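Work through the two exercises below with the sequence and the model in view, and try each task before reading its solution.

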Amino acid sequence: MISQKSKYALRALLALAARPGGEPMQISEIAEQEVIPRKFLEQILLDLKRAGLVASRRGKAGGYLLLRRAETVTFGEVLRLIDGPLAPLPCLSKMAYRRCGDCANENACKLRKVFARVADATRDILDTTTLADVLQDGVKSLPVEI
């Protein structure tokens with residue numbers, strides 16, 4: 001499962017991406033529109049700012065805005081940023097590989113083989129689905145074999 005923080009981050013990014021002309025949105029506006037606690041949203045937006053996904057502007061017409069085009073921001077990127085590796089087992093992680101402590105032989109591990117398929121399918125969907133896809137309601141349907 002993804003964390004509540006990741007859900008809020010994605011919802012905030014979608015709100016910014018949907019903004020006409022890329023105009024900034026104030027934290028209070030995002031919080032109200034997306035039903036996100038303001039204090040939590042502030043922390044999330046700081047993380048997204050440090051990662052170069054959003055910027056902030058001061059002043060009356062200030063707020064947060066998306067720094068990159070919505071077509072270039074994937075769900076996988078955001079989830080990794082907020083929650084860390086996507087892999088269901090540490091031995092399948094591309095970012096934070098770690099051998100499972102209770103596994104004698106990774107190559108023969110039956111669990112690993114099943115969860116490798118899950119991880120590959122998950123990565124395929126999350127790394128190819130962008131904010132723009134969701135805004136255009138062009139979310140790809142799941143492959144039949146899943």
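**Exercise 1: the buried side of a helix**

In this predicted model, helix 2 covers residues 27–34, and its buried residues are I27, I30, A31 and E34. Explain why these buried residues line one face of helix 2, and find what covers them.

*Solution.* Begin with the general geometry: an α-helix has 3.6 residues a turn, so residues three or four places apart point the same way. Next, look down the axis of helix 2, where the buried residues fall within an arc of 100 degrees, and therefore they line one face of the helix. Then turn to the surroundings, where the cover over these buried residues includes helix 1 (4–17), helix 3 (38–50) and strand 2 (63–66). Finally, step past the end of helix 2 to V35, which follows it and has a positive phi, near 55 degrees.

**Exercise 2: a pair of packed helices**

Describe how helix 1 and helix 4 (residues 75–83) pack, and state which residues make the contact.

*Solution.* Two packed helices are described by the angle between their axes and the distance between the axes. For helix 1 and helix 4 the angle is about 135 degrees, and the axes lie 9 Å apart. The two helices are therefore oblique to each other, and their crossing is right-handed. On the side of helix 1 the contact is made by K5, S6, A9, L10, L13 and L14, while helix 4 contributes F75, V78, L79, I82 and D83. Sorted by class, this contact has eight nonpolar, one polar and two charged residues.

Key: Residues are numbered from 1 along each chain as its sequence is written. This is a predicted model: local features need pLDDT of at least 70, side-chain atom pairs count only at pLDDT 80 or more; totals for chains, interfaces and linings use all residues. Side-chain values use heavy atoms; hydrogens and water are left out. Buried means under 20% relative accessible area, exposed over 50%, partly exposed in between (1.4 Å probe, protein chains only). Helices (H or I, at least four residues) and strands (E, at least two) are DSSP runs, numbered from the N terminus. The arc is that of the directions from the helix axis to the C-beta atoms. Contact means heavy atoms within 4.5 Å. Axes are lines fitted to C-alpha atoms, for helices over the stretch in contact, and angles run from 0 to 180 degrees between N-to-C directions. Angles under 35 degrees count as roughly parallel, over 145 as roughly antiparallel, 65 to 115 as roughly perpendicular and the rest as oblique. A crossing is left-handed if the near helix is turned anticlockwise from the far one by less than a right angle, and right-handed if clockwise. Ala, Val, Leu, Ile, Met, Phe, Trp, Tyr, Cys and Pro count as nonpolar, Asp, Glu, Lys and Arg as charged, and the others, Gly among them, as polar.
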